Amino acid sequence: MFWDILPQPVAGSAMIFLACFTSLAGLQMIASRLLDSRKILAVGIGLILGVSYEPLKTLLENAPPGLLKTVLFSGVGLGVTAAVLLSALFRFRDHTRERRRLDARHSSFDEVMAFLEQQGKSWGARAEVVRRAEYATWQAFEILAEHGLVDNADGEKNWIEIETIFNEFTFSVVLHYTGSTVSLSMHPPSHDELLADDGAVLQMAGYLLHRLADQVRSRNQDRRCELRLIFND
């Protein structure tokens with residue numbers, strides 16, 4: 001009823017305004033996420049079908065049953081339906097947990113970055129969150145290796161197993177290793193403590209981890225340790 005009493009120029013301007021802001025918000029959301037080839041295909045095919053709606057309109061009106069006509073009544077409906085179906089198809093056997101084993105002393109930042117970026121693309125995580133996770137995870141690697149917190153498994157290598165966990169709200173990196181836990185502190189040590197106590201350096205390292213991640217947790221059970229870094233997505 002409200003739209004019926006609006007003058008056509010006003011209604012047309014309102015629709016253009018809404019379409020512009022909706023399209024831009026969608027593009028910003030897509031650009032803020034890391035996408036692998038499967039997600040690029042899902043988004044791209046959805047956009048192509050949405051833009052190609054007019055040439056396909058006659059076919060879509062006659063071919064599908066009545067129930068589908070209510071979904072495919074416009075280019076937006078066609079594009080969204082295709083993107084949702086393809087996303088669900090491509091997520092088949094796509095696990096939300098992945099693990100990789102690395103040597104704390106001989107692994108490089110590029111190896112850690114490549115693994116976390118691969119998981120971020122697979123799950124469509126925000127690029128900013130993945131970059132923070134890469135830097136914080138590498139800092140944790142350096143802390144564990146330089147302070148001798150990881151036991152030598154075979155006399156040569158200091159194995160750390162990286163586990164990544166993703167849901168719609170958080171991107172978590174869990175480091176599993178054998179050894180001692182990092183001393184996590186909410187407050188940095190003073191200058192005098194840094195000069196007088198060697199353990200204050202490790203306390204400062206634990207404090208920096210708190211600053212890099214949104215949440216940090218550690219656990220030690222019979223020298224089987226877990227360091228969990230949680231980043232809000």
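This is a short walk through the structure shown above, from its strands to its helices and salt bridges. The model is predicted.

Start with strand S3, residues 170-178. Eight of its nine residues are buried, so the rest of the structure largely encloses this strand. Here, buried means under 20% relative accessible area. Find S3 first, then look to its partners.

One partner is strand S2, residues 159-166. S2 and S3 run antiparallel, and six bridges join them. To see one of these pairings, look for Ile 162, whose bridge partner in S3 is Leu 175. How many residues does the hairpin between S2 and S3 use? The chain passes from S2 to S3 through three residues.

Another partner is strand S5, residues 224-232. The pairing of S3 with S5 is also antiparallel, and it extends over nine bridges. Val 174 makes a good landmark here, as it stands opposite Arg 228 in S5. In a regular strand the side chains alternate between the two faces of the sheet. Keep that in mind when you trace a strand by eye.

Stay with Arg 228 for a moment. Its side chain meets that of Glu 226 in a salt bridge, with 3.2 Å from N to O. Are these two residues buried or partly exposed? Glu 226 has 11% relative accessibility, so it counts as buried. Arg 228 has a relative accessible area of 21%, so it is partly exposed. Cys 225 is another residue to find here, and at 3% relative accessibility it counts as buried.

Now step back to the loop between S4 and S5, where S4 covers 215-221. Asp 222 lies in this loop, and Arg 223 is found there too. Each has an unusual label to check in the backbone. Phi of Asp 222 is near 55°, a positive value in a residue other than glycine. For Arg 223, phi is near 65°, again positive in a residue other than glycine. Their surroundings can be read from accessibility. Asp 222 counts as exposed, at 71%. Arg 223 is partly exposed, at 38%.

What does Arg 223 pair with in a salt bridge? The partner is Asp 151, and the closest N and O atoms are 3.0 Å apart. Asp 151 lies in the loop between H8 and S2, while Arg 223 lies in the loop between S4 and S5, so the pair ties together parts that are 72 residues apart in sequence. Asp 151 is partly exposed, with a relative accessible area of 27%.

Next come the helices. Helix H8 covers residues 127-146. Arg 131 and Glu 134 both lie in H8, three residues apart, which is about one turn of the helix. An α-helix has 3.6 residues a turn, so residues three or four places apart point the same way. The side chains of Arg 131 and Glu 134 meet in a salt bridge, at 3.4 Å from N to O. Arg 131 is partly exposed, at 39%. Glu 134 counts as buried, at 2% relative accessibility.

The count of salt bridges comes to 10. One of them, already met, joins Glu 226 and Arg 228. Elsewhere, salt bridges that share partners link Glu 117, Lys 121, Arg 131 and Glu 134 into one network.

Helix H6 covers residues 75-90 and has 16 residues. From its first C-alpha to its last it reaches 22 Å, close to the 22 Å expected at 1.5 Å a residue. Which of its residues are buried? They include Gly 75, Gly 77, Leu 78 and Gly 79. Ala 82 and Leu 86 in H6 are buried as well.

Finish at the surface, with helix H2, residues 8-31. Phe 17 is found in this helix. Together with Met 15, Leu 18 and Phe 21, Phe 17 forms a nonpolar patch on the surface, with about 450 Å² of accessible area in total. Cys 20 counts as partly exposed, at 48% relative accessibility.

How many disulfides does the structure hold? The number is zero. A disulfide is a covalent bond between the sulfur atoms of two cysteines.

Conventions. Residues are numbered from 1 along each chain as its sequence is written. This is a predicted model: local features need pLDDT of at least 70, side-chain atom pairs count only at pLDDT 80 or more; totals for chains, interfaces and linings use all residues. Side-chain values use heavy atoms; hydrogens and water are left out. Buried means under 20% relative accessible area, exposed over 50%, partly exposed in between (1.4 Å probe, protein chains only). Helices (H or I, at least four residues) and strands (E, at least two) are DSSP runs, numbered from the N terminus. Two strands pair if DSSP finds at least two bridges between them. The expected span of a helix is 1.5 Å times one less than its number of residues. A disulfide is a pair of cysteine sulfur atoms within 2.5 Å. Patches are made of residues with over 30% relative accessible area and no salt bridge: like charges are joined within 9 Å, nonpolar side chains (Val, Leu, Ile, Met, Phe, Trp, Tyr) within 5 Å. Accessible areas come from the Shrake-Rupley method with a 1.4 Å probe; for residues, only the protein chains shown count as cover. A salt bridge is a side-chain nitrogen of Lys or Arg within 4 Å of a carboxyl oxygen of Asp or Glu.
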